[in-house]
Amino acid sequence: MIRISPIAFCLAAVLAVLVVPVVAIAGSKTTSLQLTYQVEWGDVDVATTTADWTFGEDTFELVATSRTIGVTDRLRKYRGRTELTGRIEDGRYVPHRLAISGVSKRRSREAFTTWAPATGYSATQRQPALDLDKVFPLKAEHIDGAIDPFSAMLNALDTVAKHGSCDGSARIYDGLRTSVLTLHDFGADVLEKDRPFAYAGSAVVCGLSGKPTGGHLRKSRWRKKQPKPEDVLIFVAEVRPNLFLPVRMQARSFLGTVTARLVMPSLKISGN
């Protein structure tokens, strides 16, 4: 297994935490949303991420893609895709099937995971298989009872919508890695319109930290200095009545700051 590039790492993080909405539109049995995020490394546009969500009365679906752009696309080309289906049970988002794939100049990989409705037991097919010389093994104790990162973020944002706070944690499994994801409440802030397409206004500030528990690289510069919750900030705002979205993410690392912004003109909502 070849080490994933920093751009691919950042895109995976953006996909996991930014393309997730919480929506409650009265009188609508089915609601569809289209979102686009622009990703910058410093002041350079490096990638875009798009997401198409569909929410039913007790189901939800996601199709999301990510890709590098500009000079980055020529130097570190990357394409990612995620497909997710799930159920809404007692107000909680529960995954049913998750398919993730990523392709770069050096390699490709994919994983298909299904959760059993009654037990929550999951089964995964991977291509290629994990190279245990390069990554830590996955353990059943970390997989059992874990959910995918997108459902976990839906549940976390539901807490923001209901209580105005993002404190909470969840055990995560995406078919390739396991981790414990924790959100920290940093209060509220007012975002300025720093790009023509960006959101401006009040937002809840959530710090993000994660503890890898399996599938992660044995040797990685990313873990030499454990990031603090304030190193990764997610700004959540009510962009429409009853519609809460991550509108910005800022991630600081030894390589600089990655900022992802919701492209407000891209937001499309439809329902019936």
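Q: Buried means under 20% relative accessible area, exposed over 50%, and partly exposed in between (1.4 Å probe, protein chains only). What is the relative accessible area of aspartate 45?

A: This is a predicted model, in which local features need pLDDT of at least 70 and side-chain atom pairs count only at pLDDT 80 or more, while totals for chains, interfaces and linings use all residues. Residues are numbered from 1 along each chain as its sequence is written, and side-chain values use heavy atoms, with hydrogens and water left out. Aspartate 45 is found in strand E3, helices (H or I, at least four residues) and strands (E, at least two) being DSSP runs numbered from the N terminus. Aspartate 45 counts as partly exposed because its relative accessible area is 36%.

Q: How far apart are the C-alpha atoms of aspartate 45 and valine 258?

A: Along the chain, aspartate 45 and valine 258 are 213 residues apart. In space, the separation of their C-alpha atoms is 9.8 Å.

Q: How many salt bridges does a search of the whole structure find?

A: Side chains of opposite charge can pair when their charged atoms come close. A salt bridge is counted here when a side-chain nitrogen of Lys or Arg is within 4 Å of a carboxyl oxygen of Asp or Glu. Over the whole structure, the number of salt bridges found is 11.

Q: Which residue forms a salt bridge with arginine 195, with the closest N and O atoms 2.8 Å apart?

A: At 2.8 Å between the closest N and O atoms, arginine 195 pairs with glutamate 40. The two are 155 residues apart, with arginine 195 in the loop between strand E10 (178-191) and strand E11 (201-214) and its partner in strand E2 (residues 31-41). Arginine 195 is partly exposed because its relative accessible area is 22%. The partner is buried, because a relative accessible area of 4% is found for glutamate 40.

Q: Which residue meets arginine 195 in a salt bridge of 3.9 Å, N to O?

A: The side chain that meets arginine 195 at 3.9 Å belongs to aspartate 43. The pair spans 152 residues, from the loop between E2 and strand E3 (44-55) to the loop between E10 and E11. This partner is exposed, because a relative accessible area of 72% is found for aspartate 43.

Q: Is aspartate 158, a partner of lysine 162, buried or exposed?

A: Lysine 162 and aspartate 158 form a salt bridge with an N to O distance of 3.0 Å. Both lie in helix H4 (residues 149-163), four residues apart, about one turn of the helix. Lysine 162 is exposed, with a relative accessible area of 57%. Because its relative accessible area is 13%, aspartate 158 is buried.

Q: Which cysteine does a disulfide join to cysteine 166?

A: The structure holds one disulfide, a disulfide being a pair of cysteine sulfur atoms within 2.5 Å. The S to S distance from cysteine 166 to its partner is 2.3 Å. Because cysteine 166 lies in the loop between H4 and strand E9 (168-173) and its partner in strand E11, the pair ties together parts that are 40 residues apart in sequence. Both cysteines are buried, and the partner of cysteine 166 is cysteine 206.

Q: What is the torsion about the S-S bond of cysteine 166 and cysteine 206?

A: A disulfide is a covalent bond between the sulfur atoms of two cysteines. The bond between cysteine 166 and cysteine 206 is left-handed because its torsion is about -105°.

Q: What is the relative accessible area of lysine 77?

A: Lysine 77 sits in the loop between helix H2 (70-75) and strand E5 (78-89). Lysine 77 is partly exposed because its relative accessible area is 38%.
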